[in-house]
Amino acid sequence: MANLEFHQFPCLDDNYGVLVHDPATGTTASIDAPEADAVREALAAKGWRLTHILVTHHHHDHTAGIAELKAETRCTVLGPAKEAERIVGLDRGVGEGESFALGSAQVHVIETPGHTAGHVAYWIPGQATVFVGDTLFAMGCGRVFEGTYEIMWSSLSKLKRLPAATRIYCGHEYTAQNGRFCRDIEPGNAAIEARVAEVAALRAAGRPTLPTRLDRELETNVFLRTRSPEIRARLGLGTAEDWQVFAALRERKNKA
Ligand code: ZN
Ligand code: FE
């Protein structure tokens, strides 16, 4: 299969936009649309014409640019069917198990509720890449606004089962704060310690810490490490279910 090109760019305060381009067909998708200006500038910089917007969830910082971009480009807007009434400009609602063509690539929809009730991730297995919106972050995860901890844990578990070499694009640059939390929770994890230093260097140089990769997250993201004896001991949850360990971590992080 032809290779897609990916272009990530910062927007708003700490969001990322991503453009996905298929050189074979000229198809270009924006993953979410945090703000029209930043997406427009990114398109101009690459010389690409917008054909699709793939929306992960209804929050304003992921949808604010849709109306303007759609009016300008007549692009097709796909997003979670379960949030259809909350996403203005949605052309096609998608859900679990569906897949669709994006140029010469095939995109698979994974429902990842919890941050919002209808949140979806877009997985492109042929490119070993997934767009997870605000479900998973580098060394962190989204806040659970519209679901239970059990539901969010089940969503994270779906992402955990993707191939380990999967590249992960996330909605926000939160890695430095997340890393400090992970280090406090699992100080004996040398991989976290090393990554925190690396992230500090990247940020000091004004560079993004994303995309990340699933294997790195499995090593350093405490929200995916509910089996860690050190984490369980710290939380006093030696024999709890994984989702309960996750819930305790998420509650601690909410107060951090
Ligand atoms: Zn959000
Ligand atoms: Fe967000």
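**Exercise 1. Strand β7 and its hairpin**

Determine which residues of strand β7 (residues 99-102) lie on its covered face and which on its uncovered face, and describe how β7 pairs with strand β8 (residues 105-111).

*Solution.*
Step 1. In this predicted model, F100 and L102 make up the covered face of β7, while S99 and A101 make up the uncovered one.
Step 2. The pairing of β7 with β8 is antiparallel and runs over four bridges.
Step 3. Within this pairing, A105 of β8 is the residue opposite L102.
Step 4. Two residues lie between the strands of this hairpin, and G103 in the turn has a positive phi of about 60 degrees.

**Exercise 2. The surroundings of strand β2**

State how many residues of strand β2 (residues 15-22) are buried, and identify the bridge partner of L19 in β3.

*Solution.*
Step 1. Eight of the eight residues of β2 are buried, so the strand is largely enclosed by the rest of the structure.
Step 2. Both sides of the strand share in this: N15, G17, L19 and H21 point one way, Y16, V18, V20 and D22 point the other way, and all are buried.
Step 3. On the β1 side, β2 is paired in the antiparallel sense over seven bridges, with H7 opposite L19. The hairpin of β1 and β2 has three residues between the strands, and L12 in its turn has a positive phi of about 50 degrees.
Step 4. On the β3 side, five bridges join β2 to strand β3 (residues 27-31) in an antiparallel arrangement. S30 is the bridge partner of L19 there. Four residues separate the strands of this hairpin, where G26 takes a positive phi near 80 degrees.

**Exercise 3. The aromatic contacts of F6**

Classify the aromatic pair of F6 and F131, then that of F6 and Y169.

*Solution.*
Step 1. A pair of aromatic rings is described by the distance of the centres and the angle of the planes.
Step 2. The search of the whole structure yields nine aromatic pairs. One of them is F6 with F131, which is tilted, at 6.1 Å centre to centre and 35 degrees between the planes. The pair links distant parts of the chain, 125 residues apart: F6 belongs to strand β1 (residues 5-11) and F131 to strand β10 (residues 129-131).
Step 3. F6 counts as buried because its relative accessibility is 19%, against a cut-off of under 20%. F131 counts as buried at 1% relative accessibility.
Step 4. For F6 and Y169, the ring centres are 5.8 Å apart and the planes stand at 25 degrees, so this pair is stacked. It links F6 in β1 to Y169 in strand β13 (residues 167-169), 163 residues apart.
Step 5. The ring of F6 also has a charge over it: the charged end of R167 sits 4.7 Å from the ring centre.

**Exercise 4. The contact between the domains**

Report how much area domain 1 and domain 2 bury between them, and which three residues of domain 1 supply more of its buried area than any other three.

*Solution.*
Step 1. The domain assignment gives domain 1 (5-169) and domain 2 (175-255). Their centres, taken over C-alpha atoms, are separated by 24 Å.
Step 2. The contact involves 26 residues from domain 1 and 29 residues from domain 2.
Step 3. The two domains bury about 2500 Å² between them, with 68% of it on carbon and sulfur atoms.
Step 4. M139, Y149 and W153 supply 34% of the area that domain 1 buries against domain 2, more than any other three residues.
Step 5. Y149 and W153 also belong to one aromatic cluster with F181, F223 and F246. K253 lies over the face of F181, at 6.0 Å from the ring centre.

Conventions. Residues numbered from 1 in each chain as written. Chains lettered and ligands numbered in written order. Predicted model: local features only at pLDDT ≥ 70, side-chain atom pairs only at ≥ 80, totals over all residues. Heavy atoms only, no water. Buried < 20%, exposed > 50% of the residue type's maximum accessible area, 1.4 Å probe, protein only. Pairing = 2+ DSSP bridges. Phe/Tyr/Trp six-rings, centres within 6.5 Å; stacked < 30°, edge-to-face > 60°. Lys NZ or Arg CZ within 6 Å of the ring centre and 35° of its normal. Domains from an automatic or database assignment. Contact = heavy atoms within 4.5 Å. Buried area = accessible area lost by both parts, 1.4 Å probe.
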